[in-house]
Amino acid sequence: MSWQQRIHQAVQQRKADNLWRQRINVGSPQSARILVDGQPLLNFSSNDYLGLAQQTEPLIDAAKAWGMGSGASHLVCGHSSAHQQLEQALAESVGYPRALLFSNGYMANLAVLQTLLRRQDHLYQDKLNHASLIDGGLISSAKMHRYRHNDGAHLLHFLKQHQKSAPESLVTASSGSLNEQTVSSLSLVATDAVFSMDGDQANLADLATICQQHQALLMIDDAHGFAVLGNSAHTGSHAKQGLTAEQVPIYMGTLGKGLGGYGAFIAGSEELIEYLIQFARPYIYTTAIPAALASAMQTNLEVVMTGKRQALLASNIDYFRQQAQHLALNIMPSSTAIQPLLIGDDAKAVAISQQLKQQGILVTAIRPPTVAKGSARLRITLTANHTEKDIDFLLTSLVSILESGYGV
Ligand SMILES: Cc1ncc(COP(=O)(O)O)c(C=O)c1O
């Protein structure tokens, strides 16, 4: 088979499977209302949960001070005082000793897993974890196990099974002779804190206890919880669930969702962060995010730490769930901004999404391989910028489309 045939076959197969993906062209800033190919749409698809992505002043002001590009990687000359200050503010916001900026969440997850894990180690992941955690596990040389979604007992079963087995022997070559040495096998548990396609949350207290009892390191990916969830002192899913930095030693947050910009960070102990600076390839070998962006992200962080926007979002979530229940819509159980409607069939999910678009509403249909086969869904996301009228319009449109023959 030639390269051309391989590519052609894959493309044709994707179309035949009804899984063909197409990008839309957005012609306006992200907000509750956007222009798509010239058509105004009510946007229920973005992760801009707090409605900050459309802000311009923080970035314009910062660009005047810092210019466009960072010029180099952090370890060369790309690390500015704007990056440094943002790292400090991020660490404080989540209640950790230190934070380290990354270009995005995908790279931050790859960095932690690739750098920490060795061949003899075990990595345990929730079945519904984000692709970047799975890919991080794949590029690490560790043995990866995926426990059933939110099933602590299944994780426990895996941990007990592996920790009972004998330590591994590693044959190494030194000074021309082969040595056999016993290597210690370490365990790491990684989970999304808020599951991106389902909107439900990991039981972090349960996982923290299991990890503590089995000397496993716990890492959470809080892409959808950072800046959005929290308590009066700190932001993040761990804070929301009453856990401390000691109980969740590795925290990953992204700046492209709740904070409305771009970038990500790992928070952890002083030593973990120094270790990543020394050894994490996705940190070392890439250009730092623009200093202007880092500065603008700090401004947005100050805004979100007042908690006002989260209160608006929470009220929208409550209203949406109440009304959806009233209309007997089959919304998945979730108390976060992600409120998916399970459809099942791929073609049906796409057809409903297209009909919503005709009525002026953008809700993306999510299909395999992003979600499991037979579980295609409309991933509805709410933001602080939606009004109750917007939500009413979405729900009544959905009901009329479903009643017209697309019933679930
Ligand atoms: C759970 C989760 N982790 C990580 C990422 C990756 O973050 P980023 O978009 O910053 O690469 C995303 C989304 O994109 C996500 O939903």
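Select β1, β2 and β13 to begin: these three strands make an open sheet in the order β1-β2-β13, with mixed pairing, where strands are DSSP runs of E with at least two residues, helices are runs of H or I with at least four residues, both numbered from the N terminus, and two strands pair if DSSP finds at least two bridges between them. The edge strands of this sheet are β1 (33-36) and β13 (361-362), each of which pairs on one side only. What you have open is a predicted model, in which local features need pLDDT of at least 70 and side-chain atom pairs count only at pLDDT 80 or more, while totals for chains, interfaces and linings use all residues. Residues are numbered from 1 along each chain as its sequence is written, and side-chain values use heavy atoms, with hydrogens and water left out.

Stay with β1 and add β2 (residues 39-43): the two run antiparallel and are joined by four bridges, and valine 36 stands opposite glutamine 39 in β2. Next select helix α14 (residues 346-358), which lies across β1, β2 and β13 and runs at about 120 degrees to β2; contact here means heavy atoms within 4.5 Å, and angles, from 0 to 180 degrees, are taken between N-to-C directions of axes fitted to C-alpha atoms, for helices over the stretch in contact.

Now turn to the other sheet, an open one of seven strands with mixed pairing, in the order β3-β11-β10-β9-β8-β4-β5. Because β3 (98-102) and β5 (143-147) stand at the edges with a single partner strand each, one side of each is left without a neighbour in the sheet. From one strand to the next, the twist averages 20 degrees. Within this sheet, select β4 (residues 122-126) and β8 (residues 187-192), which run parallel and are joined by four bridges; tyrosine 124 stands opposite valine 189 in β8. Helix α8 (residues 204-213) packs on the sheet, where it touches β5, β8 and β9 (216-221), and its direction makes about 155 degrees with that of β9.

The ligand is the next selection. Which of the 14 residues around the ligand come nearest? They are Gly105, Tyr106, Asp221, His224 and Lys257, a residue being near if one of its heavy atoms lies within 4 Å. Shell residues come in at least a pair from each of α5 (105-116) and β10 (250-254), and α5 gives the largest share, three residues. By type, the shell divides into three nonpolar, eight polar and three charged residues, where Ala, Val, Leu, Ile, Met, Phe, Trp, Tyr, Cys and Pro count as nonpolar, Asp, Glu, Lys and Arg as charged, and the others, Gly among them, as polar.

Display the distances next. A backbone N or O atom of glycine 105 lies 2.7 Å from an oxygen atom of the ligand, and a polar side-chain atom of lysine 257 lies 2.8 Å from a ligand oxygen atom. At histidine 130, a side-chain N or O atom is 3.5 Å from a nitrogen atom of the ligand.

Two backbone details complete the tour. Proline 369, in the loop between β14 (364-366) and β15 (376-381), follows proline 368 through a cis peptide bond with omega near 10 degrees. Asparagine 18, in the loop between α1 (3-16) and β1, has a positive phi of about 65 degrees although it is not a glycine.

Key: Polar contact = N/O pair within 3.5 Å; in protein donor to acceptor, adjacent residues only side chain to side chain.
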